[in-house]
Amino acid sequence: MGEVRNLQVPLITPYKMGNFHLSHRLVLAPLTRMRSYGNVPQPHAILYYSQRTTKGGLLIAEATVISDTAIGYPDVPGIWKNEQVEAWKPIVDAVHAKGGIFFSQIWHTGRVSNTGFQPNGQAPISCTDKSIGPSSNGSHYSPPRRLSTKEIPQIINDFRLAAKNAMEAGFDGVEIHGAHGFLIDQFMKDQVNDRTDEYGGSLENRCRFALEVVKAVSEEIGADRVGIRLSPFSDYMESGDSNPEALGLYMAESLNKYSILYLHVVEPRMKTMEEKFKCSESLVPMRKAFNGTFIVAGGYDREDGNNAVAENHADLVAYGRLFLANPDLLKRFELDAPLNKYDRNTFYTSDPVAGYTDYPFLEEATSA
Ligand SMILES: Cc1cc2nc3c(=O)[nH]c(=O)nc-3n(C[C@H](O)[C@H](O)[C@H](O)COP(=O)(O)O)c2cc1C
């Protein structure tokens with residue numbers, strides 16, 4: 001019976017990702033939920049993540065800051081202090097108890113921050129000293145301070161230490177957050193990076209920081225536990241590039257040198273974080289260039305996720321908002337059952353239950 005069903009649902013077929021045996025192709029996309037009070041993961045995350053765990057399923061935890069200069073939003077979890085590592089342990093254990101594979105997304109926001117989040121009220125750091133303009137959502141970003149060339153190894157080391165801590169917390173691996181206009185993306189994109197040292201100018205120079213982070217993290221925990229997320233086509237936080245195709249391809253090819261586990265790319269149709277647009281660009285050239293596991297994300301539903309796998313455009317498909325609102329997304333896809341609608345008003349609120357762990361499972365929804 002299982003086999004017949006599997007033939008019909010490409011997303012629900014097994015896949016071997018390096019040393020990890022996945023039982024299906026649905027991935028929990030990294031989702032910031034801002035419920036880690038004081039940058040410490042909280043016990044309510046145990047229920048949240050275990051609700052979304054399936055045996056042999058891959059989960060990517062919410063973006064997790066690597067140091068006290070990395071913070072740009074309130075109540076996001078960190079992983080640079082012992083207290084944070086200890087707080088992650090029961091969450092990771094709960095995911096493992098249900099047979100899930102759990103990666104930590106390690107994050108530095110760079111200039112997407114303000115002095116209020118920074119130690120001693122200092123300026124946020126970036127590759128540039130150019131500010132982000134006033135945002136439409138009322139967020140306030142302070143003018144950043146440009147990192148000097150000799151300071152850069154310290155930030156790379158912070159990524160390395162965060163990866164080491166993630167291993168200590170029990171995670172199966174890390175995803176380096178190189179997307180969405182945060183620090184690594186700021187270095188890569190020519191709309192932001194205006195450096196004149198070896199970290200700016202040419203494509204190769206702009207990608208140097210990202211690749212040095214990949215190398216350091218891989219040396220620390222093993223390349224078979226390292227993934228990276230990129231969004232070459234998006235321009236959130238005024239972080240766009242004049243030639244995203246070339247950027248994406250250069251990264252995909254360069255990453256092969258480090259033999260990392262996976263490359264996770266946000267679809268070009270996600271010009272903003274949450275709306276999809278029709279577009280002609282495609283991730284297929286990156287998919288073809290990269291030797292490891294290829295994960296796609298951004299605006300996927302059941303049907304186009306199945307198509308992506310069936311057409312070999314991706315090995316795995318990450319789901320953000322649908323998984324946020326449907327803890328039993330795998331089961332619903334299996335049965336082609338209706339989905340709960342997500343409520344964007346509670347994406348980033350701090351309640352430990354509402355909009356977090358109270359989305360109903362299928363039985364509850366149908367028996368209610
Ligand atoms: C509430 C929310 C939080 C998010 N947090 C993160 C994050 O921490 N790291 C990240 O790389 N992307 C983050 N994203 C982007 C998602 O991972 C995903 O790429 C995006 O939602 C598009 O996929 P979807 O259409 O399946 O939701 C977030 C998106 C949402 C809606």
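User: Let's start with aspartate 241: is it buried or exposed?
Analyst: This is a predicted model, so everything here is computed from predicted coordinates. The relative accessibility of aspartate 241 comes out at 15%. The cut-off for buried is under 20%, so aspartate 241 counts as buried.

User: Which residue forms a salt bridge with aspartate 241?
Analyst: Look for a side chain with a nitrogen by the acid's oxygen. The closest N and O atoms of the pair are 3.0 Å apart, and the partner has 8% relative accessibility, so it counts as buried too. That partner is arginine 206.

User: How many residues apart in sequence are the parts that this pair ties together?
Analyst: Arginine 206 and aspartate 241 form the salt bridge we just met. Arginine 206 sits in helix 6 (residues 203-206), while aspartate 241 belongs to the loop between strand 9 and helix 8 (244-256), so the bridge ties together parts whose separation in sequence is 35 residues.

User: What about the salt bridge of glutamate 219 and lysine 215, where do both residues lie?
Analyst: Their side chains meet at 3.2 Å, N to O. Glutamate 219 is exposed, with a relative accessible area of 58%, and lysine 215 counts as partly exposed at 39%. The two are four residues apart, about one turn of the helix, and both lie in helix 7.

User: Which residue pairs up with arginine 332 in a salt bridge?
Analyst: Arginine 332 counts as buried, at 1% relative accessibility. Its partner is buried as well, at 9%. The closest N and O atoms are 2.7 Å apart, and the partner is aspartate 328.

User: And how many salt bridges does a search of the whole structure find?
Analyst: Some of them join up: Asp129, Arg146 and Asp194 are linked in a network. Searching the whole structure gives a total of 14.

User: Back to helix 7, what should its 14 residues span?
Analyst: Helix 7 covers residues 208-221, and each residue should add 1.5 Å. The count of steps is one less than the number of residues. The end C-alpha atoms are 20 Å apart, which agrees with the expected span of 20 Å.

User: Which glycine comes just after helix 7?
Analyst: Go past the end of the helix, residue 221. There you meet a glycine with a positive phi of about 95 degrees, and it is glycine 222.

User: Which strands does helix 7 lie across?
Analyst: Plenty of this helix is tucked away: Ala210, Leu211, Val213 and Val214 are among its buried residues. The helix runs at about 170 degrees to strand 8. The strands beneath your finger as you trace it are strand 5 (101-107), strand 8 and strand 9.

User: In what order do the eight strands close into a barrel?
Analyst: The pairing is parallel, and the twist averages 25 degrees from one strand to the next. For one pair, strand 8 (residues 173-178) and strand 9 (residues 226-230) share five bridges, with glycine 178 opposite leucine 230. The full order is 3-4-5-8-9-10-11-12.

User: Which residues have the most contacts inside the largest nonpolar core?
Analyst: In soluble globular proteins, nonpolar side chains tend to be buried together. Here the largest such core has 95 residues. Among the contacts of phenylalanine 209 beyond its sequence neighbours are Ile152, Phe159, Leu183 and Tyr199. The residues with the most contacts inside the core are Tyr49 and Phe209.

User: How many residues of helix 2 are buried?
Analyst: The buried ones are His44, Ala45, Tyr48, Tyr49, Ser50 and Gln51. Their cover includes strand 3, strand 4 (58-65), helix 3 (82-97) and strand 5. Helix 2 is largely enclosed by the rest of the structure, because the number buried, out of eight, is six.

User: Which residues does threonine 357 touch?
Analyst: Threonine 357 lies in the loop between helix 12 (329-335) and helix 13 (362-367). At 12% relative accessibility it counts as buried. Not counting residues up to four places away in sequence, threonine 357 touches His44, Leu47, Tyr48, Gln51 and Pro352.

User: Last one: is glycine 38 buried or exposed?
Analyst: Glycine 38 is in the loop between strand 3 (26-28) and helix 2 (44-51). Its C-alpha is 7.8 Å from that of valine 76, although the two are 38 residues apart in sequence. With a relative accessibility of 53%, glycine 38 counts as exposed.

Note on methods:
Residues are numbered from 1 along each chain as its sequence is written. This is a predicted model: local features need pLDDT of at least 70, side-chain atom pairs count only at pLDDT 80 or more; totals for chains, interfaces and linings use all residues. Side-chain values use heavy atoms; hydrogens and water are left out. Buried means under 20% relative accessible area, exposed over 50%, partly exposed in between (1.4 Å probe, protein chains only). Two strands pair if DSSP finds at least two bridges between them. Axes are lines fitted to C-alpha atoms, for helices over the stretch in contact, and angles run from 0 to 180 degrees between N-to-C directions. Contact means heavy atoms within 4.5 Å. A nonpolar core is a set of buried Ala, Val, Leu, Ile, Met, Phe, Trp, Tyr and Cys residues joined through side-chain atoms within 4.5 Å. A salt bridge is a side-chain nitrogen of Lys or Arg within 4 Å of a carboxyl oxygen of Asp or Glu.
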